[in-house]
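Colleague: Could you take a close look at one strand for me, and then walk me through what surrounds it and the rest of the fold?

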Amino acid sequence: MNGQQNVIRIDSDICTGCGRCKDVCPVGAVEGVQGTPHSIREDVCVLCGQCVQQCSAFASFYEQHPACIAEKKRERGLFVSEAAPLFAAWHTGDAPRVASRLAEGCHSMVQCAPAVRAAIGEEFGMPAGALTPGRLAAALRRLGFDRVYDTNFAADLTIMEEGSELLQRMEGAGPLPMFTSCCPAWVRYAEQQFPDLLEHLSSCKSPQQMAGAVFKSYGAQLDGVDPRQVFSVAVMPCTCKKAEAQRPGMEHDGVRDVDAVLTTGELAAMLRQAHIDFAALPDEPFDRPLGSYSGAGNIFGLTGGVMEAALRTAYELVTGEPVPCTELVYVRGGEGIRHATLTMDGRTFRVAVVAGLQHVRPLLEAVRAGTCDVNFVEVMCCPQGCISGGGQPKVLLPFQRDEVYAARKAALYRHDAELACRKSHENPQVQALYREFLGEPLGHVSHSLLHTVYGQTR
């Protein structure tokens, strides 16, 4: 990961040394003595942004010095007009750069992660858990994006590739357990701390990167443009996604999959800058075909969601029968680690779900010792999955955090339940993509575009 920008930083001019960031860091990357400015160990940090979420020290001193504030906003990649306070822990921003490219009239395609639609309304006075996929599509269109697509489509695509990879490994083609690779902070942790276990990671790119790869191949072909002319933007709840987009291997034929990543908060800032009243927008659909998604793709934003989506499809592929119950509540839950079993075609399938990186080490040690009796593991860095990501709207009062996260979670499960298509392999546009362009899961084209190699970083 050499050459990637340092996405997460702590401003020593503002930090009071309260230690909240240190307490919430899942990997012990924050250093400092109580009462003095803290700092981040870049060789340990996984860029999850939980310190940014937790930080409550803001630039009160600099409010008396506008020039100083303006300079700090430019350094952070913010609009100078942005009125939000500057907190000590911050992530680098890309909103002015994206706005500038859109103003140039480039051919743009944007994707939106599932957790964003359950949280962005909070930036505009809407209650926690307000579900806004239609307003989100309308807002992105008003900003000038040519194609408004959805990361959920690529989440369905991920299930097709990752599920096929898992079944292949269970036939003896690779080591078990297989770990998900959707969460870049988890991948970064594995690369830093357990490089000897990287062969257990799925070779799939994350949905963000799969979407970008499809935009600049199939999507460019549909629009009749050169892939090099496509400006590919992702709107994510996650700060580490900015680093993921810069990774080696996240490209095809020299063309980067994703050119810029905005957090939920940055998209809200772009809408304010453009004087777009988000709450007043009408509901509009995402563009087809790459904006079509199933309920399974939508629950990728939750801890246990990737596992539940995978099991809905795996059960039907293995048994040839409909899964008895679409809502697999036994893999749902909150922060921590949970185990479950599922019998498919006479075989017992063992899975584990980890939410919060601090909980994964014992399981990895068991894999290293050869005592882990599990087939498939989902790992999410953030405590409730992507809905609690470092790029989501801040929840300043700790006692409100559980309530807000529960509301966001309920919104995504409700959205899943309301959709007619709830299984990734039944998404008709994903089926068409394989029929018209990719061929088959794990085939030559899909492997070239949708898979990568993860490696040691230190």
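In β8, which residue is the bridge partner of Val110?

Modeller: That partner is Val233. Keep in mind that this is a predicted model. Val110 and Val233 belong to a parallel pairing, in which strand β5 (residues 107-112) and β8 are joined over six bridges. β8 also pairs with strand β11 (residues 260-263), again in parallel, through four bridges. In that second pairing, Ala234 is the residue opposite Val261 of β11.

Now for the strand itself. β8 covers residues 230-236, and seven of its seven residues are buried, so the rest of the structure largely encloses it. In a regular strand, side chains alternate between the two faces of the sheet. Here both faces are covered: one side has Val230, Ser232, Ala234 and Met236, the other has Phe231, Val233 and Val235, and all of them are buried.

For contrast, try another sheet. It's an open one with four strands in the order β7-β14-β13-β12, and the pairing is mixed. The edges are β7 (178-179) and β12 (336-344); each has a single partner strand, so one side of each lacks a neighbour in the sheet. β12 runs antiparallel to strand β13 (residues 347-355), with nine bridges between them, and Met344 faces Arg347 of β13.

Edge strand β7 spans 178-179, which brings us to Phe179 and the packing. The largest nonpolar core has 81 residues, and Phe179, Trp186, Tyr189 and Leu357 are the ones that touch the most other members. Helix α12 (residues 305-319) gives this core its largest share, eight residues. Setting aside neighbours within four places in sequence, Phe179 contacts Trp186, His200, Leu201, Ser202, Leu363, Leu364, Val367, Val377 and Val379. There's another core apart from that one, made of 40 residues, including Leu136, Ala137, Leu271 and Ile276.

If you like aromatics, the whole structure has seven aromatic pairs. One of them is Phe58 with Phe87, an edge-to-face pair at 6.3 Å centre to centre with 70° between the planes. It links distant parts of the chain: Phe58 is in the loop between α2 (50-54) and α3 (66-76), while Phe87 is in the loop between α3 and β4 (89-91), 29 residues apart. Phe58 is partly exposed, at 42% relative accessible area, whereas Phe87 is buried, at 12%. Tyr189 and Phe194 make a tilted pair, with ring centres 6.2 Å apart and planes at 45°; both residues are buried.

Charges turn up over rings as well. The charged end of Lys394 sits over the ring of Phe87, 4.2 Å from its centre, and Arg272 lies over the face of Phe124, 5.9 Å from the ring centre.

Last stop, helix α15 (residues 428-438). Its buried residues are Val430, Ala432, Leu433, Tyr434 and Leu438, and their cover includes α6 (151-173), α8 (207-223) and α16 (444-450). At the start of α15, a side-chain oxygen of Asn427 comes within 2.9 Å of the backbone nitrogen of Gln429. After the helix comes Gly439, with a positive phi near 95°.

Definitions and conventions:
Residues are numbered from 1 along each chain as its sequence is written. This is a predicted model: local features need pLDDT of at least 70, side-chain atom pairs count only at pLDDT 80 or more; totals for chains, interfaces and linings use all residues. Side-chain values use heavy atoms; hydrogens and water are left out. Rings of Phe, Tyr and Trp (its six-membered ring) pair if their centres lie within 6.5 Å; planes under 30 degrees apart count as stacked, over 60 as edge-to-face and the rest as tilted. Helices (H or I, at least four residues) and strands (E, at least two) are DSSP runs, numbered from the N terminus. Buried means under 20% relative accessible area, exposed over 50%, partly exposed in between (1.4 Å probe, protein chains only). A charge sits over a ring if NZ of Lys or CZ of Arg is within 6 Å of the ring centre and within 35 degrees of the ring normal. Two strands pair if DSSP finds at least two bridges between them. A nonpolar core is a set of buried Ala, Val, Leu, Ile, Met, Phe, Trp, Tyr and Cys residues joined through side-chain atoms within 4.5 Å. Contact means heavy atoms within 4.5 Å. A polar contact is a pair of N or O atoms within 3.5 Å; within protein, one must be able to donate a hydrogen and the other to accept it, and residues adjacent in sequence count only if both atoms are side-chain atoms.
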